[in-house]
4 protein chains.
Amino acid sequence: MGARGRKKGADGEKSRKLMLQIAAEEFAKNGFHHTKISTIVKRAGVTQPAFYLYFPSKEAIFQELIDQFIYKLEELIGDSRLESDLTFDSLPERIEEGLGAIFTFFKQNEYLTKIAFINSDYACKIKEQLATQIEENLLVEQSYGYFRSDLDIRIAAEIVVSTMERLTVTHLWTNQKTDEEITEETVQIILNGLIKRE
Amino acid sequence: MGARGRKKGADGEKSRKLMLQIAAEEFAKNGFHHTKISTIVKRAGVTQPAFYLYFPSKEAIFQELIDQFIYKLEELIGDSRLESDLTFDSLPERIEEGLGAIFTFFKQNEYLTKIAFINSDYACKIKEQLATQIEENLLVEQSYGYFRSDLDIRIAAEIVVSTMERLTVTHLWTNQKTDEEITEETVQIILNGLIKRE
Amino acid sequence: MGARGRKKGADGEKSRKLMLQIAAEEFAKNGFHHTKISTIVKRAGVTQPAFYLYFPSKEAIFQELIDQFIYKLEELIGDSRLESDLTFDSLPERIEEGLGAIFTFFKQNEYLTKIAFINSDYACKIKEQLATQIEENLLVEQSYGYFRSDLDIRIAAEIVVSTMERLTVTHLWTNQKTDEEITEETVQIILNGLIKRE
Amino acid sequence: MGARGRKKGADGEKSRKLMLQIAAEEFAKNGFHHTKISTIVKRAGVTQPAFYLYFPSKEAIFQELIDQFIYKLEELIGDSRLESDLTFDSLPERIEEGLGAIFTFFKQNEYLTKIAFINSDYACKIKEQLATQIEENLLVEQSYGYFRSDLDIRIAAEIVVSTMERLTVTHLWTNQKTDEEITEETVQIILNGLIKRE
DNA sequence: AATGAATGAGGTTTCATTCAT
DNA sequence: GATGAATGAAACCTCATTCAT
């Protein structure tokens, strides 16, 4: 019942979504400039004008994917706020949870992440925002006396962001490590450093 | 002797170098695809065919800049090897020296670094090599017992590489910090971690 | 009675008329090529196929507007024939009446006039017909001895037609003059010329 | 000597001029929108990109033709200024000279005139300027007492402009009359009117 | 009477690259 | 060593029009 059993391509929303999905893949694999509308529509089984039925331009569909990423990421981060129980012992755990969620998100949204977080011109801004987000969290923790007070927390935040980006590309997406493993190792190093203590 | 009697001050090598330099700037600022041969030759004061006198293709001149970067980087890294005196106390110092040299190099070769290390498709490979380099050093240090043995050193190396990349972009090139400052802070965090110890 | 029980207030004739009206406006404002079917249907609140329910093509609706203009103009001119009382004294008056009627018509049918009389490819033919019409009238008057016999009446007719066109655009539609004023001034000049006589 | 005897198409200026000329013809015959770059280049014996070697866009080549027309027209009108000897007897002669020059110009520059004076969107402005020009002349003559003082000279000027336009199209370009004949008849009617005087 | 979805055909423009001199 | 002129290939986009329902 409802809109089922339509004949060939009679469902616009389907076409639209299909194109979005294909576009995500193409943009992720080839970047904006090497991605051709003609490829997208060919793979979607429609003609070029059909593309412009749903998207005003190549830029527009690209931006829509970026927005999708941003929306999803904000949704994710919005969820993971406001943790009250700030005992020292739970600190690594909590941090692990936060990072882990993001790694998992990156793992599950590889195309979008590649497009918006790794390769796009917007990546800069997004990373900046994420860094600020993380910085704020770390500052709270520093104010609680958990972190050394002589550190530039902004730099620490940048280290976290760049680490997430890189490990996602090198270890997560290559399946060299699971998100949990990566999370744990990262937190280990960032919190405790490399040096051995007796 | 040398370039004499040429028309219009024509010294081939000069034109070539000029184009390389301009290309570096353009590629760094606009990326490969938004950089047009026509712009390069216009700025160099020559015509389009002149370009093809010195470079077989757009890809070629780009690659040449990448190679330049790789060559210089290898030169740098080759120099900084062979550290004998491996006492524990000098460890942070030695690491700082190594990282600092690279930051300084990135600072002094902004265009090339942008092209080869930040934006290009080759960046992956280069970062990989650098990571391996660093990994090897860290492994030695680990084997000396300076670092914890439960860590995945490869991951540590990746963190170092990605941190260098990001801080170069966000702090070094924006003049928010000097290379020395960045180096010190980075080493501090990576070696000792964020957590305060009494 | 009439259109009852239709969906969504659907009265075919109404849609048709609405589209015609909107089309008139669009064609008048933007010309044939810059007028898009999509704009017409959007403004009419229907879909593209609905357009083709009533008009076989873009050309057809355009032609229908032209025909409308021609029909109305002929109606007008048909009315104003049959002038019997051809005394010399009433001549200017009669001519004023004739021209005035046309100016008024142009004023009241701005869109149609723009489309059919000013801008279209058919304008040529229509003007030609109008010129012939006027020529015939003038010839009668010439034969009565009211007009100089050394003049090329066709040329006089063309002057009248072109004057009407231009003044309509420059003075009538811009509200710089009323149709009466324009009529009077035009007749004055055409009949008596510019030169002062004592 | 000089640039002679070049091989096939080695003369850019020639290509440029050829395209301009062909474009003039095409624009005149088909209007802006029905004129295709592909037609121009095909007729010029070059490929599409060659067009963009010389003109930045379709609009640009069109505008260049308009500018050409304006320039030539201004040159013409500039020449025919500053008439001192304003005796009454020479008045028709002088006016005839002025109009005649323009008719001749229109005859000799049919394509350009069609493009810039008859069909283009700029035609409005150009006609307006020409009308103003003529108005100024007529006002002087009126102030000398040659013309009736109860006339709206602007309207007279508009009549002249529109008459020139129309007769050019209907009589001059169709070779029904020579420029001299048209000029004479026009001046006759405009100056003395249609009405017979004894 | 009307629609959601799709298309055929064509348009302008861009850019790396080469030919002949 | 250098150039003026030209091109092949392809990209994005538009619009009138139609099919199936």
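**Figure 1. Residues 36-55 of chain A, a mostly helical span in a predicted model.** The span is 75% helix and 0% strand. Its end C-alpha atoms lie 14 Å apart. An unreviewed UniProt entry annotates residues 36-55 of chain A as "DNA-binding region". The model shown here, and in every view below, is predicted.

**Figure 2. Residues 13-73 of chain A, the wider annotated span.** The unreviewed UniProt entry gives this stretch of chain A the label "domain: HTH tetR-type". Helix makes up 87% of residues 13-73, and strand 0%. From one end of the span to the other, the C-alpha atoms are 24 Å apart.

**Figure 3. The fold of chain A, built from helices.** Chain A holds nine helices and zero strands. In sequence order the pattern reads α-α-α-α-α-α-α-α-α. How does the spread of chain A compare with a compact globule? The radius of gyration is 21 Å, whereas the globule rule gives 16 Å for 198 residues. Chain A is therefore more spread out than a compact globule. Along the principal axes, the C-alpha trace spans about 70 × 40 × 30 Å.

**Figure 4. Confidence along chain A, with a weak stretch at residues 1-9.** The mean pLDDT of chain A is 88. A score of at least 70 is reached by 90% of the residues. Over residues 1-9 of chain A, the pLDDT falls below 50. That stretch makes three contacts in the model beyond near neighbours in sequence. Predicted coordinates should not be read in detail where pLDDT is low.

**Figure 5. The two domains of chain A and the contact between them.** Domain 1 covers residues 12-55 of chain A, and domain 2 covers residues 63-191. Seven residues of domain 1 of chain A are in contact with seven residues of domain 2 of chain A. Which residue classes make up the domain 1 side? On chain A, the side of domain 1 that touches domain 2 has five nonpolar, one polar and one charged residues. Taken over C-alpha atoms, the centres of the two domains of chain A are 30 Å apart.

**Figure 6. The interface of chain A with chain B.** Here 28 residues of chain A are in contact with 28 residues of chain B. Which helices of chain A each supply at least two residues to the side that touches chain B? They are helix H8 (153-172) and helix H9 (179-192) of chain A. H8(A) gives the most, with eleven residues. By class, the chain A side has 13 nonpolar, eight polar and seven charged residues.

**Figure 7. The rotation axis that relates chain A and chain B.** A turn of 179° and a shift of 0.1 Å along the axis lay chain A on chain B, with an RMSD of 0.3 Å. Which residue of chain A comes closest to the rotation axis? A:Gly193 does, with its C-alpha at 1.9 Å. Of the interface residues of chain A, 100% are also interface residues in chain B, so the copies meet through the same surface.

**Figure 8. The interface of chain C with chain D.** In this pair, 28 residues of chain C are in contact with 28 residues of chain D. Helix H8 (153-172) and helix H9 (179-192) of chain C are the elements that give two or more residues to the side touching chain D. The top contributor is H8(C), with eleven residues. That side of chain C has 13 nonpolar, eight polar and seven charged residues.

**Figure 9. The rotation axis that relates chain C and chain D.** Chain C can be laid on chain D by a turn of 179° and a shift of 0.1 Å along the axis. The RMSD is 0.2 Å. The two copies are thus related as by a two-fold rotation axis. C:Gly193 is the residue of chain C that comes closest to the axis, at 1.8 Å (C-alpha). The same surface serves both copies, with 100% of the contact residues of chain C recurring in chain D.

**Figure 10. Chain A beside chain C and chain D, without contact.** No contact joins chain A and chain C. The closest C-alpha atoms of chain A and chain C lie 12 Å apart. Chain A and chain D do not touch either. For chain A and chain D, the nearest C-alpha atoms are 21 Å apart.

Notes. Residues numbered from 1 in each chain as written. Chains lettered and ligands numbered in written order. Predicted model: local features only at pLDDT ≥ 70, side-chain atom pairs only at ≥ 80, totals over all residues. pLDDT = per-residue confidence, 0-100. UniProt positions renumbered as here; feature names shortened; annotations may be inferred. Helix = DSSP H or I, 4+ residues; strand = E, 2+ residues; numbered from the N terminus. Least-squares fit on C-alpha atoms with pLDDT ≥ 70 in both. Domains from an automatic or database assignment. Nonpolar A, V, L, I, M, F, W, Y, C, P; charged D, E, K, R; others polar. Rg over C-alpha atoms; globule rule 2.2 N^0.38 Å.
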